[in-house]
Amino acid sequence: MNKKGFSLLELIIAIAVLAIGLVGVLQIFPIGLRASQHAGMLTKASFLAQNKIEDVKLAGFDAITELPPKIPMSGKDGDFEWAVKIDEASLEGIESSGDIKKVTVTITWPERNTTRSKEFITYVTK
């Protein structure tokens, strides 16, 4: 007797293998979604920091060295909070003459029950 087709045992084994594979694949999706959301937030933070750095550069060296500086030093933009810090630059091999300032922009944002932050640094010269 030469019967063609699948036996019940073969079908049960095939369905079990398929189910195990699907469970594994479905567990990957939330990880990818979280990574995508984190990358999106980091990109938005980078754009906001670049915007604040450009504001500092447009204000000019004299505007940021006056006390108080003529630019906003902190604020909130949507879910993001930002702060600008201006310090004397201490660059290796360059004598500090006061003509170079280190500008640090710190961006913080909430993400998955925690607060993330990223610092962006640039230098402004006279």
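**Figure 1. The hairpin of E1 and E2 and its glycine.** In the hairpin of E1 and E2, Gly 78 takes a positive phi near 65°. This hairpin has two residues between the strands. Please keep in mind, here and in every view below, that this is a predicted model. The two arms of the hairpin, E1 and E2, run antiparallel and are joined by four bridges. To follow one of these pairings by eye, start at Ser 74: its bridge partner in E2 is Ala 83.

**Figure 2. The open sheet and its four strands.** Stepping back from the hairpin, you can see four strands in an open sheet, with the order E1-E2-E3-E4 and antiparallel pairing. Which strands form the edges? They are strand E1 (74–77) and strand E4 (114–125), and each of them pairs on one side only. On average, neighbouring strands of this sheet are turned by 20° against each other, direction ignored. As a general reminder, strands of a sheet pair through backbone hydrogen bonds, either parallel or antiparallel.

**Figure 3. Strands E2 and E3 side by side.** Here strand E2 (residues 80–88) meets strand E3 (residues 100–111), and the two pair in the antiparallel sense over eight bridges. A handy landmark is Glu 88, whose bridge partner in E3 is Lys 101. Strand E2 also brings us to a salt bridge, one of five in the structure: the side chains of Lys 85 and Asp 87 meet at 3.8 Å, N to O. With a relative accessible area of 28%, Asp 87 is partly exposed.

**Figure 4. Thr 104 and its surroundings.** Is Thr 104, a residue of strand E3, buried or exposed? Thr 104 counts as buried because its relative accessible area is 8%, and buried means under 20%. Leaving aside neighbours within four places in sequence, Thr 104 is in contact with Ala 83, Val 84 and Lys 85, and also with Glu 119, Phe 120 and Ile 121. Ala 83 may look familiar, as it is the bridge partner of Ser 74.

**Figure 5. Helix H1 across the sheet.** Now for the helix: H1 (residues 8–59) lies across E1, E2, E3 and E4. Relative to E3, helix H1 runs at about 150°. Within this helix, Lys 52 forms a salt bridge with Asp 55, and their closest N and O atoms are 3.9 Å apart. Lys 52 and Asp 55 are separated by about one helical turn, because they are three residues apart in helix H1. What about their exposure? Lys 52 counts as buried at 14% relative accessibility, whereas Asp 55 is partly exposed at 35%.

**Figure 6. A nonpolar patch on the surface.** Which residues make the nonpolar surface patch of about 520 Å²? They are Leu 18, Leu 22, Val 25, Leu 26 and Phe 29. Val 25 lies in helix H1 and counts as partly exposed, with 43% relative accessibility.

**Figure 7. The salt bridge between Glu 111 and Arg 116.** In this last view, the side chains of Glu 111 and Arg 116 meet in a salt bridge, with an N to O distance of 3.6 Å. Are these two residues buried or partly exposed? Glu 111 is buried, with a relative accessible area of 11%. Arg 116 is partly exposed, and its value is 37%.

Technical notes:
Residues are numbered from 1 along each chain as its sequence is written. This is a predicted model: local features need pLDDT of at least 70, side-chain atom pairs count only at pLDDT 80 or more; totals for chains, interfaces and linings use all residues. Side-chain values use heavy atoms; hydrogens and water are left out. Two strands pair if DSSP finds at least two bridges between them. Axes are lines fitted to C-alpha atoms, for helices over the stretch in contact, and angles run from 0 to 180 degrees between N-to-C directions. Contact means heavy atoms within 4.5 Å. Patches are made of residues with over 30% relative accessible area and no salt bridge: like charges are joined within 9 Å, nonpolar side chains (Val, Leu, Ile, Met, Phe, Trp, Tyr) within 5 Å. Accessible areas come from the Shrake-Rupley method with a 1.4 Å probe; for residues, only the protein chains shown count as cover. A salt bridge is a side-chain nitrogen of Lys or Arg within 4 Å of a carboxyl oxygen of Asp or Glu. Buried means under 20% relative accessible area, exposed over 50%, partly exposed in between (1.4 Å probe, protein chains only).
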